[in-house]
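This report describes a ligand site, the strands and helices around it, and a few individual contacts. Please read it alongside the sequence and the structure shown here.

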Amino acid sequence: MSTPASTPRDFPIRRGCPFAAPEEYATLRTEDPVARVTLPTKREAWAVSRYDDVRELLSDPRVSADIRRPNFPALGEGEQEAGARFRPFIRTDAPEHTRYRRMLLPVFTVRRVRAMRPAVQARVDEILDGMLAAGGPTDFVSAYANAVSTSVICELLGIPRENLEFFRDVTRVSGSRTSTAEQVSEALGGLFGLLAELIAERREEPRDDLISKLVTDHLLPGHVTTDQLLSTLGITINAGRETTTSMIALSTLLLLDRPELTAELRRDASLMPAAVDELLRVLSVADSIPLRVAAEDIELSGRTVPADDGVIALLAGANHDPEQFDDPEKVDFHRTDNHHVAFGYGVHQCVGQHLARLELEVALETLLRRVPTLRLAGDRDQVAFKHDSATFGLEELLVTW
Ligand code: HEM
């Protein structure tokens, strides 16, 4: 079966409510579940919005994540060109992808991440002490959300923490759809320079951190080159920082908007793990991060995505699909069987998901417990959202207490 020749819609589609998928996704799911879209790069691609189709697509071995393919549906020219040059493993296929993923997996197991809880808690407390001591009003995104996500990654990798602002700038440029290839390359070049120095140091003097482990287990035996290691560390930082920052900040705004949900969490702290997964589902901040190319003709919902065409898995579309989730717009911390796809699905499913959950749990629980008077310092209508970033989030959030 082939596809109707409707005029492609412009993509990405903006969110109306920051705590939900764009309204148009509901229409897409019912009327045009495999929709032709035009990207900001002027390339065309397909956008898949139903839960079953998204999971089928992301687990289909006939689908490629290789950014070098001509129709790869990057949302910005900068990402497409720089990606083809630096080849982050998130944008590669097996067997190359498998090799890099296997390098990271042992570091991110449930057991190892669980063992990180005291260190994450200590870091979060320290950051909150600093924010409270400095006094409000303050920008919550930089003072807390970004500080937590960046410090935890720095701690894991073994990067000195004075680089907090530097990482924020790198991710802002490399994650923006409006950045040029030169801007992305320059930002990544700065990051790789810093990481290269650390790799050289750890070669001489290994420590108990991820960079040392990768150097000892993979670089020194010759399984990877320094450039390959740099690219793997770079994508781990980029993939893990902005997403977690956005989730902490947006979740906090949602809880400030909805005091009854905050009260529920205060009454019963054991709800926190389920609440985090529900927030991940509802907010779906990584909505259009899974970008693919069909390596062969692929059929979804009775439509054909022709071989070599780009295709985007709309995670927010899937996570708000009423066929899968009862009353999907409801934020329900008691939801059972919450098999959301906020971390993607299939072979590229988020490597850092256990760590992300841990960070969110600790960051939100600590905030609710220690700063019960937290409130917005500015006008709610003036809160600025990031619509042009690979990850949906907040530009800034002025708070006081
Ligand atoms: C709430 C926070 C996070 C969200 C929503 C998120 C979301 C995602 C998604 C949707 C993908 C799949 C992309 C695709 O299929 O193309 C992914 C992949 C990835 N994520 Fe995350 N992520 C988060 C946190 C983290 C953290 C904390 C780390 C590491 C410290 C991390 C590291 C990675 C890596 C390395 C990949 C690539 C995996 C692969 O290609 O095999 N992420 N993430």
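A polar contact is a pair of N or O atoms within 3.5 Å; within protein, one atom must be able to donate a hydrogen and the other to accept it, and residues adjacent in sequence count only if both atoms are side-chain atoms. The model is predicted: local features need pLDDT of at least 70, side-chain atom pairs count only at pLDDT 80 or more, and totals for chains, interfaces and linings use all residues. Residues are numbered from 1 along each chain as its sequence is written, and side-chain values use heavy atoms, with hydrogens and water left out.

**The ligand site**

The ligand has 28 residues around it, of which His-97, Arg-101, Arg-292, His-348 and Cys-350 come nearest; a residue is near a molecule if one of its heavy atoms lies within 4 Å of it. Three side chains have a polar atom in contact with an oxygen atom of the ligand, as tabulated.

| Side chain | Partner | Distance |
|---|---|---|
| His-97 | oxygen atom of the ligand | 2.6 Å |
| Arg-292 | oxygen atom of the ligand | 2.8 Å |
| His-348 | oxygen atom of the ligand | 2.6 Å |

Helix 4 (96-104) and helix 11 (226-257) are the elements that give two or more residues to the shell around the ligand. Helix 11 supplies the largest share, 6 residues. Helices (H or I, at least four residues) and strands (E, at least two) are DSSP runs, numbered from the N terminus. By class, the shell has 17 nonpolar, 8 polar and 3 charged residues. Here Ala, Val, Leu, Ile, Met, Phe, Trp, Tyr, Cys and Pro count as nonpolar, Asp, Glu, Lys and Arg as charged, and the others, Gly among them, as polar.

Which protein atom is the donor of the iron atom? The only one is SG of Cys-350, at 2.3 Å. Donors are N, O and S atoms within 2.8 Å of the metal (3.2 Å for Na, K and Ca); water is not among the atoms, so sites may look incomplete. Cys-350 sits in the loop between helix 14 (315-319) and helix 15 (353-370).

**Helices**

Helix 15 has 18 residues and spans 26 Å from its first C-alpha to its last, close to the 26 Å expected at 1.5 Å a residue; the expected span is 1.5 Å times one less than the number of residues. Helix 15 is mostly covered, with 13 of its 18 residues buried. Buried means under 20% relative accessible area, exposed over 50%, and partly exposed in between (1.4 Å probe, protein chains only).

In helix 7 (residues 140-157) lies Ser-151, which counts as buried because its relative accessibility is 3%. A polar atom of the Ser-151 side chain is 2.5 Å from the backbone oxygen of Ala-147.

**Strands**

Two strands pair if DSSP finds at least two bridges between them. Strand 3 (residues 44-48) has 4 of its 5 residues buried, so it is largely enclosed by the rest of the structure. Strand 2 (residues 34-38) pairs with strand 3 in the antiparallel sense over 5 bridges, and Ala-35 stands opposite Ala-47. These two strands form a hairpin with 5 residues between them, and Lys-42 in the turn has a positive phi of about 75°. Strand 3 also pairs with strand 9 (residues 310-313), in the parallel sense over 4 bridges; there Ala-47 faces Ile-312.

An open sheet of 3 strands has the order 5-13-10, with antiparallel pairing. Strand 5 (138-139) and strand 10 (375-376) stand at the edges with a single partner strand each, so one side of each has no neighbour in the sheet. Strand 10 is joined to strand 13 (residues 398-400) by 2 bridges, and Arg-375 has Thr-400 as its bridge partner.
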